[in-house]
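Let's walk through this structure together, one contact and one element at a time. Please have the chain open in your viewer and turn it as you read.

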Amino acid sequence: GISRICPHGYYCPFACADPVKCGTLALCPEGSSHAGSSITAGLFLLLVLALLYGGAKHYHCVVQNEVLVAGALVTMITLMAFIDKTIAGFLALNIVAIAANYALLKFGSCPPQSARLLSGASCLIALILLWTLNPAWSMLCTGLLLCFLVGWLTTRDVSSFVNAGHFLLAVVFAALLFSFAHVDGVFLTWFGLSVLIYVGYLVVKWLLEEHLQWWRNRIPFEVRNFQVRNIHSQPFVSSPDITPEGSFCGSLDVGAGSHRDPAAFYTDSNPMSSSAPSLTTNTISSETNSQSTRSGVPFVLERVGFKLHDGAELLKNISARIAPGGRVAVMGPSGSGKSTLLAVLSGRASHGKVVGDLFVGGERAGDLRCLRRVTGYVPQDDILHGELTVEENISFQARLRLEASTSHSEIEDQIQHVIKDLKLNGIEKSRVGTPDKRGVSGGQRKRVSIAMELVAQPKLLFADEPTSGLDSTTAHEVIECLKGAAVRLGTTILSVIHQPRYETLLLFDDLILLAKGGTLVYAGPTANAKDNFAAHLRVNFRPNANPADIMLDAIQSPDHLSEVGLAGLRTSGASSTHGSLPHDRLASCCFKREIPPFFNAVLIFFDRSMLQTMHAYDALIINQVLCATVMAILCNILQNSRIENFLMQSNLATLFLMLLQAVAAQRVFGPDLLITLREARVGMDMLAYLFAKDLASLFEITLSAAVFASSYGTLSGVQQPVTNLFAGAWAFVYSVFGLSYIFSICLSPGAAQMTCVVAAFISFCVSGVYQPPLQEMAGYVGDRGWMIPALSPVRWFWGYILTAEMHYLTPLSKKYGRGALLQRGYDLKYLEDCSLEGLDQQGTGVVSLRQAWLDNRGWVCSCVDMLLLGIIFRFLAALCLILYMHAQTSRWSHFFGQSEKGWRKLLGKLFTLFVGSFLLLLLFAEVWIFGIQSLNIERLLEHLGFVWPA
C-alpha cells in the first residue's frame with residue numbers, strides 16, 4: 001500500500017502505489033514527492049561554467065591556434081549531441097560552413113569572386129541537406145536567402161547587378177502572387193485592395209503637396225515683382241564702401257531654406273556689381289611631401305550646391321579645387337553649411353540633392369559611394385567601443401578595412417605606426433571607457449577616433465569638428481597628431497574646425513571660409529588669410545586677439561562689408577596659391593579596395609564581439625543571478641503539487657525567462673548602433689557583422705539556458721531531466737534573442753526595452769495556457785488565427801516542457817489531468833509518438849499547425865520549431881539593419897524618394913510601397929511554410945496535377 005511518509009532514499013509521486021527508489025545522484029530525504037535533481041543540476045551547471053570560464057580565460061591563446069579552435073568546436077558539438085541532436089546539428093551546420101570557407105580562403109589563393117562563389121555554394125549545400133531532413137525547412141530557408149540575394153544585388157555599385165536584383169525582385173514577387181492566388185485567394189484580394197487604397201492616398205497626398213508648393217512659389221514671385229518695381233522707382237546712390245540692400249552681402253544673410261532675395265534684380269543692374277570680379281575657381285593645394293608614398297583624392301567643385309527636397313538651399317555656388325594630399329580647414333559661423341559640405345563630398349548627404357558639377361580624380365562624380373572604402377570619417381562625437389582597449393579599437397578597424405591581401409605583419413606595423421603618430425604610446429592597453437566606467441581622457445578618446453580612421457590608410461579623411469569640447473592645448477595637440485599622420489600617408493584631409501587658436505589653424509595648409517546661407521567667402525592658403533582680410537575688408541587685427549575669431553566676427557554681419565572687398569577676398573586665393581592641381585586622371589581602380597571576404601569578416605567581427613562580451617561580464621552575472629532568484633521565488637510560491645499548479649508554474653517560469661533574456665539581448669546590437677552606422681558608411685559588410693554578433697551571443701544563450709535549467713529543474717519539482725530542460729531553454733532563448741534584435745535595431749534603447757516587455761506579455765497571453773485555447777485561436781481571422789500563437793516563443797517552450805513532463809506522470813495523474821489538458825488543446829492519446837497521422841484527409845500531402853491544433857495535437861516534441869522561429873526573427877532583424885544602414889546612403893535615399901521632389905518623389909514612394917508589399921507577402925509566406933508540420937512531396941505534386949514518374 002501507500003506509505004504515509006515516504007522513506008529516505010525513495011520518492012512517492014502523486015497517486016503512486018509504491019515508493020520509487022531514487023537514482024545515485026538524487027537527494028531524496030524522508031517524505032520526498034519527487035526525485036531530487038540538485039546534484040545532477042549542480043554538476044551540469046558547474047560543467048557549463050567551467051567550459052565557458054576556461055574558454056574566456058584562455059581565449060587569446062586558443063584563437064591564435066587553429067588546432068585548438070577546431071578541438072574546442074568539436075568538443076562543444078559532441079557535448080551538445082549528447083544533450084540534443086537537433087541543436088547539435090544546427091550548430092554543426094553553421095560552424096562547418098564557416099570553417100570550410102575559412103580553410104579554403106586561408107590555404108589557397110582565392111580571389112574575391114571565388115570567395116563569393118564559396119559562400120553561395122555553402123548556402124546551396126545547406127539547403128540540400130535541409131531538404132533531405134525536411135523539405136519544409138529547406139523551403140523556408142530558401143525564401144529567406146532569396147530575399148537576401150535581392151537585397152545584396154540591389155545594393156551593389158555595378159549597374160548590371162542592380163538590374164539583376166530588380167529583375168529577381170519582380171520574378172519572386174510574381175511567384176508570390178501566383179502562389180497566394182492558388183492557396184489563399186481571399187487574403188490576396190484583401191491585400192490588393194489595401195495596396196490600391198494606399199496608392200490612392202499617396203497620389204492624393206502628392207497632388208496636395210505639389211499644389212501647396214506651387215502656391216508657396218507663386219506668392220514670393222508676386223511679392224518680388226512688387227518690390228522690384230518699388231526699387232526701380234527710387235533714385236540710385238552708389239558708394240564704394242556701402243553696398244545697397246539686396247547685393248551679394250545681403251544675400252549672405254539669407255538663411256538656409258529661403259528663396260533668393262526679392263531685390264536680387266537690383267544687384268544685377270548695379271554697375272558696380274558688373275565690374276566686380278566673378279567667382280572664379282580657387283585652387284587649394286598643399287606642399288609636396290617627400291615622405292608621402294601615397295596620393296590622396298583631388299576634388300574639383302564647380303558651382304556646387306545642396307538643396308533639400310522642399311527646395312531650401314544649404315550650400316550655394318561653391319567653386320573650389322582641392323589638391324591630393326591637401327590639409328584643408330573648413331570654418332564658418334553656425335548655419336553656414338560646414339558639416340553639409342563634408343557630407344556632400346563624402347557622399348553622405350542623403351537628405352537632399354546635390355547640384356552643380358563635382359569632379360573626383362578628373363572624372364565627373366555621380367555617386368560618391370565609390371569612395372567609401374578609401375574614405376575615413378571622424379564624427380563629431382567620439383563613437384568608440386568603450387569595452388575594448390585603445391589598441392583593440394584600432395586593430396579591428398585595420399583588420400576589417402585594409403586590403404584583403406595585407407599580411408598580418410603589415411597590419412601590425414600599420415597599427416604601431418598609427419599609435420606612434422597619434423601619440424597613444426603608453427595607453428594602448430587601457431580601456432577606452434564607457435559612461436559607467438571611466439577610461440582614457442577626452443583628448444585621448446578623440447585621438448583614438450582619428451586613429452581608427454587613419455589605420456585604414458584612407459586616401460581621403462573627413463573630420464567633423466575633431467576639437468569640439470577640448471581645451472586649446474589639447475585641440476592643438478590633436479590637430480598636430482592628425483597632420484603628422486596625414487603627411488606620412490599622403491591623405492587628403494578636410495576638417496571642420498571650431499574656434500581654433502591661430503597656431504592650430506596654421507597647421508592646415510589651406511582654409512575654406514563659409515558665410516551664413518552656405519556661400520563661399522574665402523578659399524586659399526591659411527597663412528595668407530589674415531593679410532587678405534586686412535587688404536580687402538579693411539579688418540583690423542588687434543595684437544592680443546585671435547585672428548581666427550576676428551575673421552569669423554568680420555563675416556557675421558556681411559551687410560556692413562563692401563561687395564568689392566568680398567569679391568576680392570573670394571578671388572585672392574587663386575593668385576596666392578603655392579601649387580597647381582595635377583590634370584592627370586586617376587584610374588577608377590584607385591578608389592576600389594577589396595576588403596576581407598564574408599567568412600573572414602565574420603571571424604574578425606566574432607573576435608571583437610567575444611572580447612566585448614567577456615569585458616561586460618558584470619552584466620552577465622547580474623542577469624544570471626536574477627534568473628535564479630526569480631525561479632526560486634516562483635517555485636516557492638507555486639509548488640508542483642497538482643497538475644494545475646504545474647501548468648501555471650511552468651508558464652510563469654517561461655514568461656519570466658523571456659522577460660529577462662529579451663532585455664539582456666538589447667546589449668547585443670543596441671549600444672553599438674552608432675558605431676555600426678559609422679562602419680557601414682565605409683563599406684563594411686553588415687551581414688557578416690550581424691552573423692558574427694549572433695554567433696558570439698550563443699555563449700550567453702548557453703549560460704542563460706544552463707542557469708535556468710539548473711535552478712528551475714532543482715526547485716520546481718519537475719521529473720524530466722535537466723538536460724531536456726537545457727535543450728528547450730537553449731532553443732527558447734535563441735528565439736527570444738532574435739525577436740529582441742528587431743526591437744533594439746529599430747527603436748531607441750528605452751522604447752526597445754518597453755517593447756520587449758509588452759511582446760513578452762503578448763506572447764504569454766497567446767500561449768494557450770489560459771483563454772483562448774489553441775484550437776479556438778486557430779479558427780480566428782478566417783482560419784488564419786493560428787499564426788498568432790505560432791509566432792509566440794512562450795507557446796513553444798511551454799508546450800515543450802509540458803510534453804516532456806507528461807511522460808513522467810503516473811497513470812492516475814494523467815487521468816485527473818486529462819480534462820485540463822484537453823481543454824487547452826493537448827490530447828494525451830497523441831502524446832507518445834506525437835503522431836500527425838490521419839490529419840491529411842484531403843490528400844494534399846500537407847499537414848499544418850491549424851489542422852493539428854483543431855484536432856487537439858498541440859504537443860511539442862522537439863526544439864525545431866523554436867530554432868526556425870529564431871531564424872525568422874533573425875531574418876527580420878537583418879532586414880531592418882540593412883535597410884536602416886543603407887537608407888543613409890545617397891543612392892537609396894533617392895531610390896525611395898526621400899530626397900526628390902515632383903513626380904520623382906511620387907515614383908520613389910510607390911517603389912517603397914512595392915518593396916514593402918513584397919516583404920509583407922514574403923513574411924506571410926514564410927509563416928505559412930513555418931506552419932507546415934508534415935510535407936509529402938509526391939502526394940503534393942499529385943494533388944497539384946503533376947504525375948510522379950514510376
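Asp618 is partly exposed, because its relative accessible area is 33%. In this predicted model, the side chain of Asp618 meets that of Lys437 in a salt bridge, with 3.6 Å from N to O. The two partners come from distant parts of the chain, 181 residues apart: Asp618 belongs to helix 22 (residues 617-637), while Lys437 sits in the loop between helix 14 (408-421) and helix 15 (442-454). Lys437 also counts as partly exposed, since its relative accessible area is 45%.

Now turn to a second pair, Arg399 and Asp607, whose side chains form a salt bridge at 3.3 Å, N to O. Arg399 is in helix 13 (residues 390-401) and Asp607 is in helix 21 (residues 598-615), so this contact ties together parts that are 208 residues apart in sequence. What about their cover? Arg399 has a relative accessible area of 27%, which means that Arg399 is partly exposed. Asp607, on the other hand, is buried, because its relative accessibility is 14% and the limit for buried is under 20%.

A third pair is made by Arg874 and Asp694, with a salt bridge of 2.8 Å from N to O. Here too the pair links distant parts of the chain, with Arg874 in helix 35 (residues 864-886) and Asp694 in helix 26 (residues 686-715), 180 residues apart. Are these two residues buried or exposed? Both Arg874 and Asp694 are buried.

Salt bridges can also join into a network, and one such network links Arg401, Glu453 and Arg678. Across the structure, the count comes to 17 salt bridges.

How many disulfides are there? A search of the whole structure finds zero. Two of the cysteines are worth a look all the same. Cys635 has 6% relative accessibility and therefore counts as buried. Cys863 is buried as well, because its relative accessibility is 0%.

From here, let's move to the strands, and to strand 11 (residues 492-496) in particular. Five of its five residues are buried, so strand 11 is largely enclosed by the rest of the structure. In a regular strand, side chains alternate between the two faces of the sheet. You can follow the two directions in strand 11: Thr492, Leu494 and Val496 point one way, Ile493 and Ser495 point the other way, and all of them are buried.

Which strands pair with strand 11? One of them is strand 6 (residues 327-331), which pairs with strand 11 in the parallel sense over four bridges. To find this pairing in your viewer, look for Ala329, whose bridge partner in strand 11 is Ser495. Strand 10 (residues 460-464) also runs parallel to strand 11, and five bridges join the two. In this pairing, Leu461 stands opposite Ile493 of strand 11. If you follow the chain from strand 10 through helix 16 (residues 472-489) to strand 11, you trace a right-handed β-α-β unit.

For an antiparallel pairing, go to strand 4 (residues 299-308) and strand 5 (residues 313-322), which are joined by six bridges. Within this pair, Lys307 has Glu313 of strand 5 as its bridge partner. Strand 5 is mostly covered, with seven of its 10 residues buried.

Finally, come out to the surface. Leu146, Leu149, Trp152, Val158 and Phe161 make a nonpolar surface patch of about 390 Å². Which helix gives the most to this nonpolar patch? Helix 6 (residues 135-154) does, with three residues. Trp152 has its place in helix 6, and its relative accessibility of 30% means that Trp152 counts as partly exposed. Leu146 is also found in helix 6. With a relative accessible area of 31%, Leu146 is therefore partly exposed too. As a last step, place a distance between the C-alpha atoms of Leu146 and Leu169: they are 9.0 Å apart in space, with these positions 23 residues apart along the chain.

Conventions: Residues are numbered from 1 along each chain as its sequence is written. This is a predicted model: local features need pLDDT of at least 70, side-chain atom pairs count only at pLDDT 80 or more; totals for chains, interfaces and linings use all residues. Side-chain values use heavy atoms; hydrogens and water are left out. Buried means under 20% relative accessible area, exposed over 50%, partly exposed in between (1.4 Å probe, protein chains only). Two strands pair if DSSP finds at least two bridges between them. A crossover is right-handed if, with the strands pointing away from the viewer, the path from the first strand over the helix to the second runs clockwise. Patches are made of residues with over 30% relative accessible area and no salt bridge: like charges are joined within 9 Å, nonpolar side chains (Val, Leu, Ile, Met, Phe, Trp, Tyr) within 5 Å. Accessible areas come from the Shrake-Rupley method with a 1.4 Å probe; for residues, only the protein chains shown count as cover. A salt bridge is a side-chain nitrogen of Lys or Arg within 4 Å of a carboxyl oxygen of Asp or Glu. A disulfide is a pair of cysteine sulfur atoms within 2.5 Å.
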